[in-house]
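User: I'd like to go through the reasoning behind some of the labels used for this structure. Could you take them one by one?

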Amino acid sequence: MPTVIYDASRIDFSLPGKTHYQIAFHLDGSWGYSLVPVTVINGRRGANPNGVICFGGTHGNEYEGQIAVKRLCSDLDSGRMAGRVILVPQLSESACRAGSRTSPLDGVNMNRAFPGNARGTISYRIASFVKNYLFPQARVVIDVHAGGVEGAFPVCTSFHPIADAAQRAEIAKVSQLFDTEFAFIYASTMASGLLTDEAEAEGKIAVGGEFGAGASTDATGVRHAYEGIRNVLRHYGLLEGEIVRIRENGAAPTRLIRADQLDSYVPAPRDGVWEPVVRPGDEVKQGQLLGRLHDFSDHSSPALEIVAPRCGIVAMLHLAARPVKGQTLFVVAEQVEWSEVLD
Ligand SMILES: [Zn+2]
């Protein structure tokens, strides 16, 4: 069984080998704890300046990252590794146990809780632990997401526009190691308090991604998350071996798409029943029909037709059948050259 840690300052992050912990965060409404799983691996083949931290379960209803990171907790062999890897398969442990996006304990979205607050509610205290105890241990941060019940995405890695050219190029390079069909540059302004925001602001190499949707487990998404993280460890020399292709041989290189302006995140103009007619990852023309919003209060009324405001790639479509006014209905991204971020 993992060792229960009540005081984070007691974790010895340099203990050789592999150690499993549960970090106890006291509950706010009753006696007891949320026990957040953390595995720390210090490879026995020497040091490495590029520590890596991988998170799954930042949102509780996104399973590919939880599974991929948990499997790595078992599969990685410290005897064959160099440097430090920290694995956190269920960061918002209470949300994961509830199968919900936000924590049922405080209603907080863990991916909006950064930089956290050591005296805040449980999600803020966990975020504060990540920032103050985990981030100092690594310079590469991977946060594996999926669309939950809100968004349908093509399987993709993702990152923000980054001002610093060297940091931007290294992030872009790491995003390619997951060998997904797409890598998505998304708007920093669409939300605040993200785990990757905080890591980027500290100058770290932070990559996220959407590896499935619908609160299900996507086999392709798990494979990209699991093998992609192993590729990251190989790339930085923590794990031996060559980078592997994850898609079948002959698959086209990862396509880079960008929607870095907020007006690309188009809200539903009214409540309705959503009938998408394109799929995530589809190429669309300006004015092409993306879907119809139906109003069943008058079944004789024509559907509201939602069309693409520009040509590009469908980077996100509302997944659930009943979007409400204001929820993001779709994102059409532009395809860009890798040279824009790698050089
Ligand atoms: Zn998520």
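Analyst: Gladly! This is a predicted model. A good place to begin is helix α6, where Gly221, Val222, His224, Ala225, Tyr226, Gly228, Ile229, Arg230, Asn231, Val232, Leu233 and Arg234 are buried.

User: What makes α6 largely enclosed by the rest of the structure?

Analyst: Buried means under 20% relative accessible area. Twelve of the 17 residues in α6 are buried, so the helix is described as largely enclosed. The elements that these buried residues pack against are β4 (52-55), α1, β5 (84-88), β6 (140-143) and α4.

User: How do you know that the span of α6 agrees with what its 17 residues should give?

Analyst: The expected span is 1.5 Å times one less than the number of residues. For α6 that comes to 24 Å, and its end C-alpha atoms are 24 Å apart, so the two agree.

User: Why is α1 called oblique to α6?

Analyst: Helix α1 (residues 63-75) and helix α6 (residues 219-235) pack at an angle of about 45 degrees, and their axes are 8 Å apart. Roughly parallel would need an angle under 35 degrees, and roughly perpendicular runs from 65 to 115. The angle fits neither class, which makes α1 oblique to α6. As for handedness, the crossing of α1 past α6 is right-handed.

User: Which residues meet where α1 and α6 touch?

Analyst: From α1 come Glu64, Ile67, Ala68, Val69, Arg71, Leu72 and Asp75, and they meet Gly221, Val222, Ala225, Tyr226, Ile229 and Arg230 of α6. By class, the residues of this contact are eight nonpolar, one polar and four charged.

User: Why is aspartate 179 counted as buried?

Analyst: Its relative accessibility is 6%, and the cut-off for buried is under 20%. Aspartate 179 therefore counts as buried. This aspartate lies in the loop between α4 (165-176) and β9 (182-186), and its phi is near 50 degrees, a positive value in a residue other than glycine.

User: And what makes alanine 215 partly exposed?

Analyst: Partly exposed covers what falls between the 20% and 50% limits. Alanine 215 has a relative accessible area of 34%, so it is partly exposed. You'll find alanine 215 in the loop between β10 (205-210) and α6, with a positive phi of about 55 degrees although it is not a glycine.

User: Why point out such phi values, and are there peptide bonds to note as well?

Analyst: Most residues other than glycine have a negative phi, and most peptide bonds are trans. Here the bond from phenylalanine 114 to proline 115 is cis, with omega near 10 degrees. Proline 115 sits in the loop between α2 (93-98) and α3 (122-134).

Technical notes: Residues are numbered from 1 along each chain as its sequence is written. This is a predicted model: local features need pLDDT of at least 70, side-chain atom pairs count only at pLDDT 80 or more; totals for chains, interfaces and linings use all residues. Side-chain values use heavy atoms; hydrogens and water are left out. Axes are lines fitted to C-alpha atoms, for helices over the stretch in contact, and angles run from 0 to 180 degrees between N-to-C directions. Helices (H or I, at least four residues) and strands (E, at least two) are DSSP runs, numbered from the N terminus. Angles under 35 degrees count as roughly parallel, over 145 as roughly antiparallel, 65 to 115 as roughly perpendicular and the rest as oblique. A crossing is left-handed if the near helix is turned anticlockwise from the far one by less than a right angle, and right-handed if clockwise. Contact means heavy atoms within 4.5 Å. Ala, Val, Leu, Ile, Met, Phe, Trp, Tyr, Cys and Pro count as nonpolar, Asp, Glu, Lys and Arg as charged, and the others, Gly among them, as polar. Buried means under 20% relative accessible area, exposed over 50%, partly exposed in between (1.4 Å probe, protein chains only).
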